[in-house]
Amino acid sequence: VARHKVLVMGRRWRKTTLGIIAAVDGHGPRINGVPHFPGALQGANVWFIGQSAPESKTLWYAIRGMLRPLAKHISEQDRRILLVGDGAITVKSASGGKGEGDALVGDIRGLDGVVMNEAAKFNPLVWQKAIYPSLSDRKGWSIWPSTPEGFNYYKDLHDAAVGGLAGWQAWQAPSSANPYWAASAIEAARRAGTPDNIIRQEYFAEFIISGAGRTYHEFTREAHVEEQEISSTLPLDLCVSFGVAPA
């Protein structure tokens, strides 16, 4: 019965589809058919957030098409669908405004739930500054469906959830968990020259790559990081850092 769910999944696992289902029909254990965490069909006010304006536009077209038969009102300007039970889904973008998350502040109804689609690409301030405070008074829920994107804030949340952080839970699954996904895509990617660590990240949903902007794409912590004992008597400690661009 986790209030916050981190879904670390490979490409084409259908994690966005799962997020849409949760936003519309809620999630968690059901009592008399009512989910523990309500969706828009149960009267909840839910935001579905894409990491960029183009992605949010694509999400809006998909969600609008699915919910048109249930819609009481559709606002193209606000990208908001009011359903017959007075629940609502609004599609937002994590980018925009004067600063990260500024465009996501404010909803007079309060926020009951949010789907942070492809959350590994988000600036942490989107959650910390805008979304989490908006969920606080109504004890709203969040779902984080994403493919990994290096060792970043999304990985920190995943690790905290795995480590038992109260109210959080994490799941991890490869692309092959989708029965309609062609496993031959991995071999095709290898033949096309895709490095193994990128395959492990994109298809096996592993936290394996050091991060965006790296110059050495084959870098992995297992192969290239070695723990060393540092003497407290040495006057200077040296370390090596990969730059964001080749020298």
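This passage goes through the chain as a whole, then helix 1, and then the surroundings of S95. The model is a predicted one, with local features needing pLDDT of at least 70 and side-chain atom pairs counting only at pLDDT 80 or more, while totals for chains, interfaces and linings use all residues. Residues are numbered from 1 along each chain as its sequence is written, and side-chain values use heavy atoms, with hydrogens and water left out.

Overall, the chain has 247 residues, and 40% of them are buried (under 20% relative accessible area, with a 1.4 Å probe and protein chains only; over 50% is exposed, and in between is partly exposed). Its secondary structure adds up to 7 helices and 10 strands (DSSP runs numbered from the N terminus: H or I of at least four residues for helices, E of at least two for strands). Among contacts (heavy atoms within 4.5 Å) with a separation of 6 or more, 64% are between residues 24 or more positions apart.

Helix 1 covers residues 15-25, and its buried residues are K15, G19, I20, A22, A23 and V24. Just past the end of helix 1 comes G26, with a positive phi of about 75°.

As for S95, this residue sits in the loop that links strand 7 (88-93) with strand 8 (113-116). It counts as partly exposed because its relative accessibility is 34%. The S95 side chain makes a polar contact of 3.0 Å with that of S93 (a pair of N or O atoms within 3.5 Å; within protein, one must be able to donate a hydrogen and the other to accept it, and residues adjacent in sequence count only if both atoms are side-chain atoms). S95 and A53 are 42 residues apart along the chain, yet 6.7 Å separates their C-alpha atoms.
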